[in-house]
Every structure is written in C-alpha cells, then in structure tokens.
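Let's take a walk through a protein, one stop at a time. Keep the picture beside you and find each spot as we get to it.

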Amino acid sequence: MTATEVFGVPLQELAARDQVDVPVFLLRLIKFLNDTALEVEGVFRMSAGVKQLEQLRVQVDRGLDLPFAEIGDVHLVASLLKQYLMDLPEPLLTFGLYPSFLGATQTENPAAKLRTIINSLPPVNRAVAEILFLFLNRLHNNCVANKMTAQNLAIIFSQIVLRPEVESVEMLRDAPKVTAIVKELIVEFDTVFPLDSSLFKHSLRERVAQEKSASSKEGSQGDFRALRSTLDDAVLLLLERLQVLQNDLEKAENRDDVIEI
C-alpha cells in the first residue's frame, strides 16, 4: 500500500492520515454530488464505463486531486463513490453490527433502534454514515426530479454498506431486511442522526461570522466537529484546516517539527 492510496484503505487509517473525521477525498466527492446530482435523473442507477472508472481510481490512488467539475459526467462521479464504498475492507456499517441492524427490523420503532446502533459505530464510520445518509436523504427528497426514491437508493446501497463477513444463502434471504434498514436510515435521517447527538453540532456559517467579527486576529485552525447543517459547510471547514496544516508543514524545518504538527 502506497502513502497516497485511497481505495481499499480502512476508513480509520485514511481519516488518521488526513487528520480529519471524514477522509478528504470522500468528503469532496459527496460535496460535489450534493452540488450537482440532486436533480439528475437516475443518479447511482446508471452505470459508468469500467475503463473510465478505473482511470479515475488510479488517479486518486496516485494522490492526484481530481477536478470533479471537469469530469463532465455526474454518473461517472457517482459510480466512483459506489466503488470507493464497495472497496472498503469492511463495509461502512461494519461486520460486527450486522446482526444488530437486522434485529432492528423486528422492533416497534426501527428508527429509534437504529439510532442506538449507529451511535455504537466507530467514530469515523459514524461520521461518514452521517454525511452519506444526509446526502441520500436529500436525493430522496428530490425524487420527483431524479426518480430516485428511498427504496431505489436502498436497493443500490444496501449490500454496499451493510453485509455479513461470511457470505451465505442466509445473506440472500436477509436481503429484503437489509434494504428495509437502509431505506429507514435514508427516510428517517433526522431521527437516526438527531442534531443534539451529531458529530457536527454547529454550522460553519456561525463560526465564519464569529471569525469575521474578529478579523484582526489570526485565523484559527478550527475543529472539524464544528459542522453539521450542510455538506458545503463541511468542505469549507475541512479546506480551511488543511490549508493551516499545509502552511505549518511548509514552515517546519525538520522531521521533528512535522511530527509535532
């Protein structure tokens, strides 16, 4: 595994490398789709060319900063997101919690049960799940335009984000339950990821307003957890943090200085 590799790298390792809660590549990818794909008909349903997709994956793994806006094909970028999630060594919702998620379908209040299970995910997985399902919820809310209902999205993403470690006949039998779970996560996003327990409690816009009022002071690195309401906010804060880190690295005189950063 190279120092720049992204696909197939465990979420925790990638987030630690980027020093953020949600890996930089993934956040930029979802942010772009949030900006461009909400009203695109058939997004995630239409497949991209295998060769084109592989070319993008190779570029990402080489550490190249993909200009998504210049790719010119929203469906190709959407396929890149699916490919990234499929290539994770462990699915986003983890092998260990698979039985718990299945059990949620047997309760009177699945959304409340799912909220408890989601809160037991590793922090990076929970952060990524919150961002991903926020985006899928927005897609569902625009289904009149994009024709992608929560059911359609759940069919596509269910086996990508939630599956057992050992595949068996039971996995096929459980497929409708898994789809129902993912649909519930999309439709009941605000219940499963309530704002008062969010990893991103405060909007960046409030933070920016405060910093502008004190413009005479040196800008701070900030905390990535000071984010929640929009994916736009998430990316702006992340880029701000990365810029500070880059500036510090350029000023560092030796390896010890870099490690301290």
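Start with Q52, which sits in helix α3, the stretch covering residues 50–61. How much of this residue can be reached from outside? Q52 has a relative accessible area of 41%, so it counts as partly exposed. Now look for L76: it is 24 residues away from Q52 along the chain, yet the C-alpha atoms of the two are separated by 7.8 Å. Keep in mind as you go that this is a predicted model, so what you're looking at comes from a prediction.

Now zoom out. The protein chain has 15 helices and zero strands. Of its 261 residues, 45% are buried. There's also a nice number about how the chain meets itself: take the contacts in the protein chain with a separation of 6 or more, and 75% of them join residues that are 24 or more positions apart.

Let's follow one helix in detail, α2. Does its length come out as you'd expect? What span should its residues cover? α2 has 13 residues, and at 1.5 Å a residue they should span 18 Å; the C-alpha atoms at its two ends are 18 Å apart, so the two agree. A good part of this helix is hidden away: V24, F25, L26, L27, L29, I30, F32, L33 and N34 are buried.

So what does α2 pack against? One partner is α5. Two packed helices are described by the angle between their axes and the distance between the axes. Here the angle is about 145° and the axes are 10 Å apart. The crossing of α2 past α5 is left-handed. On the α2 side, the contact is made by F25, L26, L29, I30, F32, L33 and T36, while α5 brings V74, V77, A78, L80, L81 and Y84. What kinds of residues are these? Twelve are nonpolar, one is polar and none is charged.

Helix α5 (residues 74–87) has another partner, helix α10 (residues 150–161). The axes of these two come within 8 Å and cross at roughly 30°. Angles under 35 degrees count as roughly parallel, and therefore α5 is roughly parallel to α10. In this contact, K82, L85 and M86 come from α5, and I156, F157 and I160 come from α10. Sorted by type, the contact of α5 with α10 has five nonpolar residues, no polar ones and one charged one.

Next come two residues whose backbone does something worth a look. Q19 lies in the loop between α1 (11–18) and α2 (24–36). It isn't a glycine, but Q19 has a positive phi of about 60°. With a relative accessible area of 35%, Q19 is partly exposed. Then there's F44, in the loop between α2 and α3. F44 also has a positive phi without being a glycine, with a value near 80°. Is F44 buried or exposed? Its relative accessibility is 1%, so F44 counts as buried.

Another loop to visit is the one between α5 and α6 (98–104), where you'll find L97. Buried means under 20% relative accessible area, so L97, at 15%, counts as buried. Which residues does L97 touch, once its neighbours within four places in sequence are left aside? They are I117, S120 and L121. Going from L97 to I117 takes you 20 residues along the sequence, but in space their C-alpha atoms are 7.6 Å apart.

For another buried residue, go to T179 in helix α11 (residues 169–187). T179 has a relative accessible area of 13%, so it is buried. Skipping residues up to four places away in sequence, T179 touches Q151, A154, I155 and S158.

Finish with V144, in helix α9 (residues 143–146). With a relative accessibility of 71%, V144 counts as exposed. Try finding E41 from there: V144 and E41 are 103 residues apart in sequence, and their C-alpha atoms are 9.1 Å apart in space.

Key. Residues are numbered from 1 along each chain as its sequence is written. This is a predicted model: local features need pLDDT of at least 70, side-chain atom pairs count only at pLDDT 80 or more; totals for chains, interfaces and linings use all residues. Side-chain values use heavy atoms; hydrogens and water are left out. Axes are lines fitted to C-alpha atoms, for helices over the stretch in contact, and angles run from 0 to 180 degrees between N-to-C directions. Helices (H or I, at least four residues) and strands (E, at least two) are DSSP runs, numbered from the N terminus. Angles under 35 degrees count as roughly parallel, over 145 as roughly antiparallel, 65 to 115 as roughly perpendicular and the rest as oblique. Contact means heavy atoms within 4.5 Å. Ala, Val, Leu, Ile, Met, Phe, Trp, Tyr, Cys and Pro count as nonpolar, Asp, Glu, Lys and Arg as charged, and the others, Gly among them, as polar. Buried means under 20% relative accessible area, exposed over 50%, partly exposed in between (1.4 Å probe, protein chains only). A crossing is left-handed if the near helix is turned anticlockwise from the far one by less than a right angle, and right-handed if clockwise. The expected span of a helix is 1.5 Å times one less than its number of residues.
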